[in-house]
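Me: I would like to learn how to read the packing of a protein model, starting from its interior and working outwards. Could you take me through it step by step?

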Amino acid sequence: MDETEFWEIVDRSREAADGDPEEQADLIVDRLLQYDPDSVLDFARHFEARYNRAYRWDLWGAAAVLLDGASDDAFDYFRCWLIGQGREVFEGALHDPDALAGLLGEFDEEVDGDGEELGYAADEAYEQLTGVEAPDLGIPSQAEEPEGTPLDFEDDSALAARFPCLWERFGTG
């Protein structure tokens, strides 16, 4: 499975789920069950590589604005959700996290921003296909610390200055 096919699965599932991340995860599992186990592992590698790329302080700060705070777990689930938004939103956010203010449509913090189940979709499909847990993907692990300069997520004025567009649209300060 190449990168284009990976993003096609993500995009089609998001559209069919009408933006609901849990439904999207179920749809991805259903779609991956149509593939052989090696292709499912390829999907998992594409997902994990993007998940690791998004381990950045600036994206964590953007998540903190969108979610009115973001713990370690909340940021993990946010990164899964961000991948689930598709290539344009994901790459746009990596290029400039503040651009999420214009890239995102409606945002309901009760549903949006938490894509935990998306992170397990390939593992679930692989296990259903093979009866065993997915093996190690053979890609580098996530860095110990996020890339970039740490941000103080408790400092509303610093978040507003760093993410002016996001703050104007989603900030609570």
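**Reading the core and the helix packing**

Reply: In this predicted model, the largest nonpolar core holds 54 residues, and those with the most contacts inside it are Leu32, Phe43, Leu66, Phe78, Leu82, Leu100 and Leu166. Helix α4, residues 57–67, supplies the largest share of this core, with 9 residues.

Me: Which residues does Leu100 touch, leaving aside those up to four places away in sequence?

Reply: Leu100 touches Ala62, Leu66, Phe78, Leu82, Val89, Ala93, Leu166 and Arg169.

Me: How should I read the burial of α4, and what covers its buried residues?

Reply: Burial is judged by relative accessible area, with under 20% counting as buried. In α4, 11 of the 11 residues are buried, so the helix is largely enclosed by the rest of the structure; among them are Trp57, Asp58, Trp60 and Gly61. The cover over these buried residues includes α5 (72–84), α6 (87–95), α7 (100–103), α9 (156–162) and α10 (164–170). Just after α4, Asp68 takes a positive phi of about 55°.

Me: How do I read the packing of two helices, and at what angle do α1 and α3 pack?

Reply: Angles of 65 to 115 degrees count as roughly perpendicular. Helix α1 (residues 3–16) and helix α3 (residues 37–53) pack at an angle of about 85°, with their axes 10 Å apart, which makes α1 roughly perpendicular to α3. The residues of this contact divide into 6 nonpolar, 1 polar and 2 charged: Glu3, Phe6, Trp7, Ile9 and Val10 in α1 meet Phe43, His46, Phe47 and Arg50 in α3.

Conventions:
Residues numbered from 1 in each chain as written. Predicted model: local features only at pLDDT ≥ 70, side-chain atom pairs only at ≥ 80, totals over all residues. Heavy atoms only, no water. Core = buried A, V, L, I, M, F, W, Y, C linked by side-chain atoms within 4.5 Å. Buried < 20%, exposed > 50% of the residue type's maximum accessible area, 1.4 Å probe, protein only. Helix = DSSP H or I, 4+ residues; strand = E, 2+ residues; numbered from the N terminus. Contact = heavy atoms within 4.5 Å. Axes fitted to C-alpha atoms, helices over the stretch in contact; angles between N-to-C directions. Parallel < 35°, antiparallel > 145°, perpendicular 65-115°, else oblique. Nonpolar A, V, L, I, M, F, W, Y, C, P; charged D, E, K, R; others polar.
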